Structure formats: C-alpha cells, structure tokens
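Me: Can you walk me through this model? I'd like the ligand shell, the domains and a couple of helices.

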Amino acid sequence: MARTTGTYSVSTVAGEKVQAFIPRPLPPEGPPLVIEGNLAKLHAEAVAAVGRLEVAGAMVPSPDWFLYGFVRKEAVVSSQIEGTQATLQDVVAYEATRQSDRPADVEEVCNYVDAMAYARKELANPKGLPLCVRLLSAVHKRLMKGVRGSDKHPGTVRTSQNWIGGTRPGTARFVPPPPEAVPEALAALEKWLHGDDPLPPLAKAGLAHVQFETIHPFLDGNGRIGRLLIALLVEHWKLLSSPLLYVSLGFKRHRQEYYERLNAVRASGDWEGWTSFFLECVRESADDGVATARGLFSLVGGDRRKVAEHTASTLMAVRLFDLLPTHPMVTLGRSIELLKTSKPTAVKAIDILRQMEVLHEITGKRRDRVYAYKTYLDLLAKDTGITRG
Ligand SMILES: Nc1ncnc2c1ncn2[C@@H]1O[C@H](COP(=O)(O)OP(=O)(O)O)[C@@H](O)[C@H]1O
Ligand SMILES: [Mg+2]
C-alpha cells in the first residue's frame with residue numbers, strides 16, 4: 001500500500017546538497033495501518049509466542065537465571081548487526097576475569113548490558129525517568145561510553161546532518177532529517193508513545209522502532225538504541241515481565257530484509273510490510289527463546305542431579321554448580337568470592353565439577369585459568385556467531 005510518510009527538505013552536509021527526509025508523526029495515515037487479515041494472524045502468533053516465552057522464563061527457581069544469558073545474547077546480536085566482532089563467550093569471559101585490557105568490541109556489548117540495566121531501573125523507579133527522549137539520551141550516554149564512542153557525542157541529540165550507507169552524503173541510501181527538525185520529530189514520537197493509539201502494543205513497538213531509525217537522532221548507536229527501545233516497550237507494555245525476548249536475532253538472521261523493510265516505509269509508506277516482517281521476527285525470536293530456555297533447563301536439571309548424586313561430591317560443588325547459570329565462566333578467585341569460602345574448598349569444588357565434565361578449563365594456561373560451563377554456553381550462544389559482510 002503506497003502512502004506518503006514524510007517530506008524532503010534540502011540540507012547541506014560537507015558542502016553537498018542532499019534531500020533530507022522529515023517523517024510525518026505516527027500513527028501511519030492516509031490510509032491508517034489496520035491489523036486485519038494476515039497481519040492479525042501474524043500478530044496473534046507473535047503474541048502467543050511471547051506468552052510462551054513468559055511461561056518458559058518462569059519455570060526456573062530464580063528469574064535471574066535466563067535473564068543473565070538472554071540479555072547478553074540480545075546485546076551481542078544487536079551489536080553484531082552493525083559489525084561488532086565480539087562473541088557471547090568473549091563477553092562472559094570478560095565478566096569472569098575483568099582483565100584490564102578489555103577489547104573495544106567487548107566493551108561495546110558490556111555497555112549495552114549496562115545501558116539496558118540502567119533504563120530498566122529508571123523505569124521501575126517511581127521517581128526515575130519515564131520512557132522519554134531524556135531517558136534514551138541517558139541510555140545512549142552509557143552505550144557510547146569509552147574509547148570508540150567518545151567522538152560520537154554520547155548522550156546528546158545530534159546538531160549536524162548525518163546519513164546512512166554510502167561513503168558521502170550524495171551517495172547515501174538514506175539521509176535522515178536535518179538537525180533542526182530532530183527535536184520536534186522526537187517530541188512527536190514521545191507524545192505518540194504515551195498517547196492512546198488503539199493499535200496493539202506489539203505493533204506499536206515495531207512502528208516506534210522504525211520512526212526512531214528514520215529520525216536517527218544520534219551520530220552513532222541509533223540501531224542499538226532503537227532495538228533497546230523495542231525491548232523496553234515490550235516490558236513497559238507488559239507483554240513480558242522481564243526482557244527475555246532477543247528480537248535482534250530475527251533482525252540479524254534476516255538482515256538484508258530488515259534494512260529493506262525500514263527503507264520501504266520511507267520510500268513507499270509500506271507500514272504493512274514492515275509490521276508483518278517485525279511480527280515474524282518477534283515470533284521467530286520468541287520461539288527460539290522458548291526452545292533455548294527449555295534446553296538450558298533440562299541440561300541444568302540433568303547435570304545438577306549428576307553433581308548432587310556423585311559419591312565424591314561436596315556441598316560446595318553443588319553450590320558452585322547452582323551459581324553457573326548466572327556465572328557460566330568462573331576463575332578460582334571468583335569462585336572463592338562467590339562461595340565465600342577458603343581457597344582449598346573452592347579448588348575442590350572446581351575439581352569435582354571438572355571431573356564430571358561440567359566445567360572445562362578454556363585457557364590452556366597454568367595461571368589465570370578460566371573454567372567454563374561449555375555445554376550451557378554452547379546452547380545459549382547458538383546462532384550468535386559472527387557473520388561477516
Ligand atoms: N534505510 C534505512 N532507513 C532507516 N534506518 C535504517 C536504514 N538502514 C539502516 N537503518 C538503521 O540504522 C542502524 C545503523 O545506525 P547506527 O547509528 O550506525 O547504529 P549502531 O551504531 O547502533 O549500529 C541500523 O541498525 C538500522 O536499524
Ligand atoms: Mg554504527
């Protein structure tokens with residue numbers, strides 16, 4: 001369905017004149033977006049899958065259990081969409097060792113995890129920031145912290161013209177609104193998010209993402225903040241009680257289509273096409289989350305029984321095992337700390353879990369050894385390998 005979703009205005013960047021796109025505020029108009037027919041079917045399927053994910057997330061003793069892994073999975077995959085080379089294992093290894101020479105790619109993913117935690121804390125606090133542009137700017141500040149982001153104006157909405165794709169603005173695939181149009185466009189998005197648009201919340205989260213990407217309010221990090229926005233909205237609108245949906249997995253698997261669908265909204269007003277793509281990504285990611293949660297649950301259940309029933313087992317070995325879902329890699333130092341025990345007792349606990357092939361030493365070194373719950377990490381990290389190109 002063709003509709004006009006905005007206007008073009010001439011903007012000058014690096015001495016070149018370009019057609020910058022100013023989106024109309026949401027909701028889609030002329031005609032409106034209606035969730036009916038096939039879209040209604042896709043919507044019902046996506047909502048049902050998210051519901052199954054909520055149930056799967058509740059089957060474990062601690063809500064932190066899947067949250068630890070799933071938030072990091074989303075952080076890694078969302079960062080990978082734009083070229084980060086860090087893997088989930090790299091991030092978990094860094095958290096276990098806190099080595100001082102943290103690679104920039106790992107830092108980016110850790111920032112993402114911090115930024116998400118910060119946003120959720122603010123939203124959960126009655127005195128904290130609501131879901132608004134100020135919150136997203138504060139989230140951006142945390143995302144861009146450190147070496148690579150420092151020249152990208154962390155936490156501030158841009159005051160210069162940017163562009164997407166192409167080496168110069170003249171060859172860009174898309175030129176977002178001129179800087180002077182950005183505050184108004186963001187204010188309109190914020191107003192719509194808090195308004196009473198009767199569209200279903202899941203569809204609204206998808207529209208908000210597109211609008212955010214089209215405004216492209218920051219010099220960098222727009223993709224990641226826009227995907228974080230989806231996670232925050234899904235929780236805020238009570239589709240899930242914690243951010244277990246790693247929607248970026250769907251975007252990463254269908255990356256070309258993801259870009260094309262974003263582009264088609266601006267080029268031909270194809271909100272229906274975007275919404276059906278988005279809902280399918282949500283369903284796919286939620287189904288993947290359910291399968292992963294079930295797999296991890298049964299893996300841990302089986303291993304725990306093995307550990308508890310083994311004749312050589314100790315209480316500390318069982319306690320260390322119980323920490324693994326939220327610390328899938330540990331060092332000796334970290335185990336002593338977590339178990340609040342002596343070195344010999346922690347050494348023994350690690351040894352027992354190694355004998356049972358639950359933990360594997362992964363550095364091959366004699367010092368600074370790192371022990372990983374490899375089967376757990378392999379399952380969790382499925383489909384998060386680095387794809388180049
Ligand atoms: N044609 C397009 N129209 C609108 N948004 C787009 C288009 N192509 C890509 N994007 C969005 O821009 C993001 C990249 O912007 P960028 O600021 O570099 O974010 P990040 O640094 O988080 O990757 C992509 O992940 C995607 O969400
Ligand atoms: Mg970028």
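Reply: Ground rule for the shell: a residue is near a molecule or strand if its C-beta atom, placed from the backbone, lies within 6 Å of it. This is a predicted model, where local features need pLDDT of at least 70, side-chain atom pairs count only at pLDDT 80 or more, and totals for chains, interfaces and linings use all residues. Residues are numbered from 1 along each chain as its sequence is written, while chains are lettered from A and ligands numbered from 1 in the order in which they are written.

Me: How many residues surround ligand 1, and which are the closest?

Reply: The shell has 16 residues. Closest are Glu 82, Glu 213, Asn 222, Gly 223 and Arg 224.

Me: Which elements give two or more residues to that shell?

Reply: H7, helix H8 (222-236) and helix H10 (255-268). H8 gives the largest share, four residues. Helices (H or I, at least four residues) and strands (E, at least two) are DSSP runs, numbered from the N terminus.

Me: What's the shell around ligand 1 like by class?

Reply: Five nonpolar, six polar and five charged residues. Ala, Val, Leu, Ile, Met, Phe, Trp, Tyr, Cys and Pro count as nonpolar; Asp, Glu, Lys and Arg as charged; the others, Gly among them, as polar.

Me: Back to H7. How many of its residues are buried?

Reply: 14 of its 15, so H7 is mostly covered (buried means 20 or more other C-beta atoms within 10 Å of the residue's own; exposed, 12 or fewer; partly exposed, in between; C-beta atoms are placed from the backbone). His 216 follows H7, with a positive phi near 45°.

Me: And H6, which residues are buried there?

Reply: Val 182, Ala 185, Leu 186, Leu 189 and Leu 193. They sit on the same side of H6, because they cover an arc of only 95° around the axis (taken from the directions from the helix axis to the C-beta atoms).

Me: What covers them?

Reply: The cover includes strand E2 (16-23), helix H5 (133-143) and helix H7 (201-215). Contact here means C-beta atoms, placed from the backbone, within 7 Å.

Me: New topic. How is the protein divided into domains?

Reply: Into domain 1 (6-292) and domain 2 (310-380), with bounds from an automatic or database domain assignment. Their centres, taken over C-alpha atoms, are 36 Å apart. The contact takes 12 residues from domain 1 and 12 residues from domain 2.

Me: Which element gives the most on the domain 1 side?

Reply: H3, with six residues.

Conventions: Contact = placed C-beta atoms within 7 Å.
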